[in-house]
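Subject: Structure for your review

Dear colleague,

Please find below the structure that I am handing over to you. My notes on what was found in it follow directly after.

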Amino acid sequence: MSDSSRTVPPELLPSEDLHPLPMPVINLGHLSLDSATRYRVVDDVAKACRDLGYFQVINHGISQSVMDCALEAASDFFKLPNETKEKFASEDLRRPVRYDTSSKDSISMSRAFLKHYAHPLSEWIQYWPQQPPIYRKYMGKYASEVRMVALQLMEAIVEGLGLGKEYLNEKFHEGSQLLSVNCYAKASQSATTIGLAPHSDYGFLTILLTSCGGLEVVDPSSNIWTRVQQLPHALHVQIGDHMEVLSNGRMKTVVHRALLNPEEARISIASIHGFALHEKVTCAKELVDEENPPKYKESSFSDFLDHLTANMDNKHRNFLESLRM
Ligand code: OGA
Ligand code: NI
């Protein structure tokens, strides 16, 4: 059983007092309209990132059928016989594709997952499952479209930090994309209701597509768990550890978890966007001065994988804590 809740303060433990939050909604299409409109949207994104760390995007350019097909491909994969799926099982976090069901990672309490890289697609797709036959085509299409959304959002976020739209543009374009494809069983009365224990994601941004409700985030102002209501056709966006580092703490990583849905099994696809494997992320020097000294050490995606590998027992699992100066 996972003991990762040890890494979060007691006030973040399960709360009865769940309530739907006022979710900021960003119309992504408005980023490419006239400059006054873009300015307003950038401001809304910056505010959502600073105040909450999460928001949803609509009019993002990914059709409902592309999203539905990706969820279908994921769902069909998890329906395959165990021996087919277990061909992808590995404890080596650096494998290009990894399948697991249990809590070996110490946070999956009732989840099966398939994790694989997705950018550059031509490099990684050869490692993806060939069963179900639709997997590569449907997941590949969604992966490349959601990456476009992530790139537009990164531009808006760095602009909102006052760093300019082109800031680190090349590093984001050459960056990594990790898909975490998750399957949670329907909640049963006897078992745990937690599918994935509290954690934050290592990257700059996570974009989440889900088949039904179950995600909860910690509301930073009240510090209580808050259920995320997925708006129709929307994608949920969250800030990760490396964004907190880049922004030198102006934006905070989002602690989140997944509860099991009492009505149905749940599929989710988290697309995590970061720099390339060995590229170091530092606090932006423009956001560092005498009053705001750097709060975090530099680190890369590769450093994160090393940190996780060294802390499989979960005692010092929190990556961001390990970076604090
Ligand atoms: C993840 C994650 C949330 C969910 O894969 O990192 O947080 O709702 N998933 O499945
Ligand atoms: Ni996550």
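**Strand β12 and its partners**

Asn 182 has Ser 268, in β12, as its bridge partner. The model is a predicted one, and the description that follows should be read accordingly. The pairing to which this bridge belongs is that of β5 with β12, which is antiparallel and runs over nine bridges. Strand β7, residues 205-210, also pairs with β12 in the antiparallel sense, here over six bridges. In that pairing, Leu 208 stands opposite Ala 270 of β12. As general background, strands of a sheet pair through backbone hydrogen bonds, in either a parallel or an antiparallel manner.

How many of the residues of β12 are buried? Nine of the nine are, so the strand is largely enclosed by the rest of the structure. In a regular strand, side chains alternate between the two faces of the sheet. For β12, both faces are covered. One side carries Arg 266, Ser 268, Ala 270, Ile 272 and Gly 274, and the other carries Ile 267, Ile 269, Ser 271 and His 273, all of them buried.

**The surroundings of ligand 1**

Two residues of β12 return in the account of the ligand. There are 14 residues around ligand 1, and those that come nearest are Ser 180, Tyr 184, His 256, Arg 266 and Ser 268. Four strands each supply at least two residues of this shell: β5 (176-184), β6 (194-199), β11 (256-259) and β12 (266-274). Sorted by class, the shell comprises six nonpolar, five polar and three charged residues.

Which side chains place a polar atom close to an oxygen atom of the ligand? Three such distances can be reported. For Tyr 184, a polar side-chain atom lies 2.6 Å from an oxygen atom of ligand 1. For Arg 266, an N or O atom of the side chain is 2.7 Å from an oxygen atom of the ligand. For His 199, the corresponding distance from a side-chain N or O atom to an oxygen atom of ligand 1 is 3.1 Å. Taken alone, ligand 1 exposes 290 Å², of which the protein buries 96%.

**The sheet that contains β6 and β11**

Two of the strands that contribute to the ligand shell, β6 and β11, also belong to an open sheet of four strands. The order in this sheet is β6-β11-β8-β9, with antiparallel pairing. β6 and β9 (224-227) are the edge strands, each pairing on one side only. On average, neighbouring strands of the sheet are turned by 25° against each other, direction ignored.

The antiparallel pairing of β6 with β11 extends over three bridges. Within β11, His 256 stands opposite His 199. Both histidines have already appeared above: His 256 is among the residues that come nearest to ligand 1, and the side chain of His 199 has an N or O atom 3.1 Å from an oxygen atom of the ligand.

Strand β8 spans residues 215-219 and includes Glu 216. Is Glu 216 buried or exposed? Its relative accessibility is 1%, and Glu 216 therefore counts as buried, the cut-off being under 20%. The side chain of Glu 216 is joined to that of Arg 257 by a polar contact of 2.8 Å.

**Backbone features and loops**

Most residues other than glycine have a negative phi, and most peptide bonds are trans. The following residues depart from these patterns.

- The peptide bond from His 119 to Pro 120 is cis, with omega near -5°; Pro 120 lies in the loop between β4 (111-119) and α4 (121-124).
- Gln 131 and Pro 132 are likewise joined by a cis peptide bond, with omega about -10°; Pro 132 is in the loop between α4 and α5 (135-160).
- Asn 223, in the loop between β8 and β9, has a positive phi near 65° and is partly exposed, with a relative accessible area of 26%.
- Asn 248, in the loop between α7 (241-246) and β11, has a positive phi of about 50° and is buried, at a relative accessible area of 1%.

Finally, Leu 231 is located in the loop between β9 and β10 (235-239). Leu 231 is partly exposed, with a relative accessible area of 30%. The C-alpha atoms of Leu 231 and Gln 56 are separated by 7.8 Å, although the two residues are 175 apart along the chain.

Yours sincerely

Methods:
Residues numbered from 1 in each chain as written. Chains lettered and ligands numbered in written order. Predicted model: local features only at pLDDT ≥ 70, side-chain atom pairs only at ≥ 80, totals over all residues. Heavy atoms only, no water. Near = heavy atom within 4 Å. Polar contact = N/O pair within 3.5 Å; in protein donor to acceptor, adjacent residues only side chain to side chain. Areas by Shrake-Rupley, 256 points an atom, 1.4 Å probe, with all protein chains shown as cover. Nonpolar A, V, L, I, M, F, W, Y, C, P; charged D, E, K, R; others polar. Buried < 20%, exposed > 50% of the residue type's maximum accessible area, 1.4 Å probe, protein only. Pairing = 2+ DSSP bridges. Axes fitted to C-alpha atoms, helices over the stretch in contact; angles between N-to-C directions.
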